[in-house]
Amino acid sequence: MLPSELVSKPVHEWTLADLKLIVERQSEESQFLEFMEYMPVKNQGLGWNFNGILHANQRDGLAKEIVAFANAYGGHLIVGIKETEEKPSRAEKLGDVNNDVAELAERLRSALNSIIDPPINGLRIQPIPLTEDGHGFLAIHIPQSIHAPHGFGKPPEAYVRRADRSEPMTMRDMQNVFWEARTRRERIDAEIMHFVQSFWAKPPAVGQLKIGLFAVSEDETLCKDLLSLLSMDNPHRWTGIYRIENGAVSLETPDKLVRNALATPNGLTAAFGLSRHTGEWEIGETGTVGATVNIKGQTSAFKDIPEDNWYEFQPLWVLNSIKIFADFLRLYSRAQSMNGNWVFKFVAATHNGRFFFRKNDFDNNRIVDFSKGLELRPLRLDTLDSAFDFSFFNKKIWDCFGGAT
């Protein structure tokens, strides 16, 4: 098993010191951890360290272990640690380095995506250099997948992790994995449906824009003491991680959420009220986070706008809510040692049927038809991925509003 210091640490933050810690603790291979001293090549092939070309045997050897983890409960694969001869094996020492591990990681991402079917969402490959010229090791995080079973190659070969080994899947294994993955997907769909129904059950007041932000974690880990978890280590751990533009805040920030949270039978809830915004957070023990924000529109000064459309709001009021919400998902994932994969849902409605956005002047306003409400189809987010891009997240929201920016 991994040392406790690494259990909740995202793999993209791992360093050489972390690999040395694994060796020092003589960590044992298990259901969730596998070591490779190097990427072997059969039949005297050359491979990456000899000619800078990723050999098919090297790619397939990693693919076998990766799909086995994804088809079970997820785990970590480390390339560059020599294990002992005993069973189960333990970490003995750092092994041979791989040349240019940053480039190797990129080649592997592309190669594995091309042969693993279906692709594994949330698969992360972290290069860990040892030398100044970039030679070093690889740490690979594989999440438990809601799209299992996975295979690789043509025809696909499927494996599953059993104890400290990766074994070929039987038909019974495939049936079990399929039904478990389907159950997890149905849970996500049911949670989203419940939130959307609750959102529409309480219509917005006159002159208000109501937005709903909701996310369901793909990780089924339960958290029985949310308030203690969110408050642990440092009372200021939630501050300073979000950027508020022009002082416009439309969703209560995470540090205030923690201070104001109340326990419910299923998790936590916290109401908030600001000068122009009211609403509440809800955090469930089954890995759900929801926020409803009521934004009070301001009366338009433009007399040629029909009377029932005299309300306007600024895009910034919604964008800041999105930023704070996504930041909270990232930190919540890390606090719970989850894999960072969420399915996100956005809905919006007004009492008036139509609102318009005001940017700088009247020419930049955009009238949006809210007569049937707005819903964004569920999006998958990997909030712990170092390449996670909030701009993509925001763009999807504004496409939902007809591209108003």
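User: What makes the 3.4 Å link between the side chains of H141 and H76 a polar contact?

Analyst: The side chains of H141 and H76 are joined at 3.4 Å, and a polar contact is a pair of N or O atoms within 3.5 Å; within protein, one atom must be able to donate a hydrogen and the other to accept it, and residues adjacent in sequence count only if both atoms are side-chain atoms. This is a predicted model, in which local features need pLDDT of at least 70 and side-chain atom pairs count only at pLDDT 80 or more, whereas totals for chains, interfaces and linings use all residues. Residues are numbered from 1 along each chain as its sequence is written, and side-chain values use heavy atoms, with hydrogens and water left out.

User: Where is H141 found, and why is H141 called buried?

Analyst: H141 is found in strand β7, residues 136-142; helices (H or I, at least four residues) and strands (E, at least two) are DSSP runs, numbered from the N terminus. The relative accessibility of H141 is 14%, and buried means under 20% relative accessible area, with exposed over 50% and partly exposed in between (1.4 Å probe, protein chains only), so H141 counts as buried.

User: Which sheet holds β7, and what makes its pairing mixed or uniform?

Analyst: The strand β7 belongs to an open sheet of four strands in the order β1-β2-β7-β6, and the pairing is mixed. Its edge strands, β1 (33-36) and β6 (124-129), each pair on one side only, and neighbouring strands are turned by 15° against each other on average, direction ignored. One of the pairs is that of β1 with β2 (residues 75-79), which run parallel and are joined by four bridges; two strands pair if DSSP finds at least two bridges between them, so the four bridges meet that requirement. Within this pair, L33 stands opposite H76.

User: Which helices pack on this sheet or lie across its strands?

Analyst: Helix α2 (residues 16-24) packs on the sheet, touching β1, β2, β6 and β7, and its direction makes about 90° with that of β6. Helix α5 lies across β6 and β7, running at about 165° to β6. Contact here means heavy atoms within 4.5 Å, while axes are lines fitted to C-alpha atoms (for helices over the stretch in contact), and angles run from 0 to 180 degrees between N-to-C directions.

User: At what angle do the axes of α4 and α5 cross, and why does that angle get the name it has?

Analyst: The axes of α4 (residues 56-70) and α5 (residues 101-115) come within 10 Å and cross at roughly 65°. That makes α4 roughly perpendicular to α5, because 65 to 115 degrees counts as roughly perpendicular, under 35 as roughly parallel, over 145 as roughly antiparallel and the rest as oblique. The residues that meet are R59, D60, L62, A63 and I66 in α4 and L108, A111, L112 and I115 in α5.

User: Why is D100 called partly exposed, and what does D100 touch?

Analyst: D100 is found in the loop between β4 (91-94) and α5. Its relative accessible area of 35% lies between the two accessibility limits, so D100 is partly exposed. Leaving aside residues up to four places away in sequence, D100 touches W48, G134 and H135. The C-alpha atoms of D100 and T131 are separated by 9.6 Å, although the two residues are 31 apart along the chain.

User: Why is β11 said to be largely enclosed by the rest of the structure?

Analyst: In β11, 10 of the 10 residues are buried, so the strand is largely enclosed by the rest of the structure. Q208, K210, G212, F214 and V216 point one way from β11, while L209, I211, L213, A215 and S217 point the other way.

User: Which sheet surrounds β11, and in what order do its strands run?

Analyst: The open sheet has seven strands in the order β12-β13-β14-β15-β11-β18-β21, with antiparallel pairing. Its edge strands, β12 (262-264) and β21 (374-382), each pair on one side only, and the twist averages 15° from one strand to the next. Helix α6 (residues 171-201) packs on this sheet, touching β11, β15 (288-296), β18 and β21, and its direction makes about 165° with that of β11. Nine bridges join β11 (residues 208-217) to β18 (residues 341-350) in the antiparallel sense, with A215 opposite F344 and S217 opposite W342. β11 and β15 are also antiparallel over nine bridges, and L213 stands opposite A291.
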